[in-house]
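Work through the exercises below with the model open. Try each task before reading its solution.

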Amino acid sequence: MKKRWTAMFLAAVLGLSLTACGDSGEAEPGASGGSDGGNAGVSAEGGQVLNVWAWDKAFNIYAIEEAAKIYQKDHPDFQINVVEVSWNDMQPQLATILSAGNTEELPDILLMQDFAFQKYVKTYDNLFADLTDSGIDFEQFSKGKAGASTVDGKHYGVPFDNGTEVAAYRTDILEQAGYSVEDLTDIDWNRFIEIGKDVKEKTGYSLFSTQAGSSDILMQMVQSAGGSIWNEDGSPYFVGNATLEAALHTYQELFETGVMETANSWDEYVATFTSGNSLGAINGCWIMASIESAEDQSGLWSITNMPSLPGVSGATNYSNQGGSTWGITTNCKDMDLAVDFMKTTFAGSMELYETILPGAGVLSTWIPAGESEAYAQPKEFYNNQPVYEKITEFASKTPVFDTGMYFTEANDALAVAATNICTGGSIEDELKNAEDTVKFNIGM
């Protein structure tokens with residue numbers, strides 16, 4: 001009953017924006033070179049067609065079209081029909097379709113943001129097919145990544161792009177203070193702050209920056225220690241959560257010492273480390289594209305792993321931020337074809353990942369890809385480090401993190417708590433307020 005009520009609530013809220021945010025319905029030609037609208041799931045006569053919803057022509061759509069080209073080598077009649085649907089448009093469309101029970105309007109395959117995957121599986125049991133016994137080897141993916149689409153021990157998605165955490169630093173500025181990237185490798189946040197204060201005093205630079213009003217770095221800290229923000233019944237676990245408390249104490253000290261700089265907007269955040277007073281960035285590996293926008297700094301950057309939470313049992317130097325996953329819907333007209341396509345390409349093709357890495361900067365969490373020649377190539381911008389090989393290794397060590405059904409609500413509440421703590425609020429009081437806020441917002 002609760003699942004049904006949640007589905008109806010989501011449909012009511014998201015449905016309001018369907019008209020304003022609705023997709024035009026125009027399909028983008030996929031590897032098939034054409035489209036019939038993307039929703040029918042009907043094969044062309046004598047052919048094999050899969051309909052796909054995804055966003056971003058230059059990244060996600062490019063990747064699945066390249067996957068189709070590879071699959072066509074052994075399956076010449078195979079085609080994909082891609083409809084470009086933005087993430088903001090996809091959410092109200094899915095809510096409207098599923099709450100009405102019109103699953104025949106679903107594509108065969110769709111892309112889903114990692115932070116929302118579990119929410120959709122738990123809210124709509126008629127959306128994604130269970131792939132646990134499909135023959136796809138999920139052990140070949142980063143556990144932290146695969147966990148985003150795993151519910152009650154069952155796999156509902158095929159992991160795609162990599163959001164593995166990296167810590168990137170300007171080596172020339174570090175050297176001015178007498179340090180190297182090696183000094184910031186495999187350390188905890190206490191040692192990081194010690195080094196950061198010294199660097200700040202000697203150079204005026206903070207070690208890294210973050211966006212004000214965001215709790216992303218807190219979530220990354222909690223995941224790195226194998227922690228959780230949810231109880232088994234799905235309620236928020238903020239009060240008495242030792243791992244979360246440790247993350248907030250660390251965040252507060254980073255802010256107060258100036259080792260962490262804060263920025264008010266995304267553009268200002270990027271500017272802090274490309275042209276401002278921060279010599280580093282700690283975020284998902286996709287942040288490297290922003291770092292590399294400062295072309296004149298090529299050769300001056302290096303990457304390593306993030307600091308670990310001190311005093312927390314099981315703490316690691318690895319985490320993840322962002323990413324997306326492919327799901328096969330229950331409406332798929334040829335489940336065997338869809339599974340084999342995914343198993344052969346995104347869950348099994350070295351050629352695919354060697355193509356889409358240089359082609360669009362798509363980095364995988366499929367662990368064998370880290371052994372390819374493309375991933376082992378040194379990258380001049382990062383002092384000739386084999387950064388993609390390193391990131392794939394980091395991904396293999398990233399702990400699983402349960403995003404839960406209400407990750408956005410938790411993220412927002414903890415962002416407020418972090419802001420208040422840095423302006424004088426107590427950690428205990430702010431965690432209680434944040435927990436109460438989430439409970440109220442999700443109807444608990």
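Contact means heavy atoms within 4.5 Å. This is a predicted model, in which local features need pLDDT of at least 70 and side-chain atom pairs count only at pLDDT 80 or more, while totals for chains, interfaces and linings use all residues. Residues are numbered from 1 along each chain as its sequence is written, and side-chain values use heavy atoms, with hydrogens and water left out.

**Exercise 1.** Place Cys 332 in the fold and list its contacts beyond four places in sequence.

Solution.
- Start with the location: Cys 332 sits in the loop between β12 (324-328) and α13 (335-344). Helices (H or I, at least four residues) and strands (E, at least two) are DSSP runs, numbered from the N terminus.
- Next, the contacts: Leu 50, Asp 108 and Ala 338 touch Cys 332, leaving aside neighbours within four places.
- Check the separation from Asp 108: the C-alpha atoms lie 4.3 Å apart, although the two residues are 224 residues apart along the chain.
- Then burial: Cys 332 has 10% relative accessibility, so it counts as buried. Buried means under 20% relative accessible area, exposed over 50%, partly exposed in between (1.4 Å probe, protein chains only).

**Exercise 2.** How many disulfides does the whole structure hold?

Solution.
- Apply the criterion: a pair of cysteine sulfur atoms within 2.5 Å.
- The search finds zero.
- Cys 422 is buried, at 14% relative accessible area.

**Exercise 3.** Classify the ring pairs Phe 78 with Phe 341 and Phe 117 with Phe 128.

Solution.
- Set the rule: rings of Phe, Tyr and Trp (its six-membered ring) pair if their centres lie within 6.5 Å; planes under 30 degrees apart are stacked, over 60 edge-to-face, the rest tilted.
- The structure holds 23 aromatic pairs.
- Phe 78 and Phe 341 have ring centres 5.0 Å apart and planes at 35°, so this pair is tilted.
- Phe 78 lies in strand β2 (residues 78-84) and Phe 341 in helix α13, so the pair ties together parts 263 residues apart in sequence. Both residues are buried.
- For Phe 117 and Phe 128, the centres are 4.5 Å apart and the planes at 20°, so this pair is stacked.
- Phe 117 belongs to helix α5 (residues 114-123) and Phe 128 to the loop between α5 and α6 (143-146), so the pair ties together parts 11 residues apart in sequence.
- Phe 117 is buried at 0% relative accessible area, and Phe 128 is buried at 5%.
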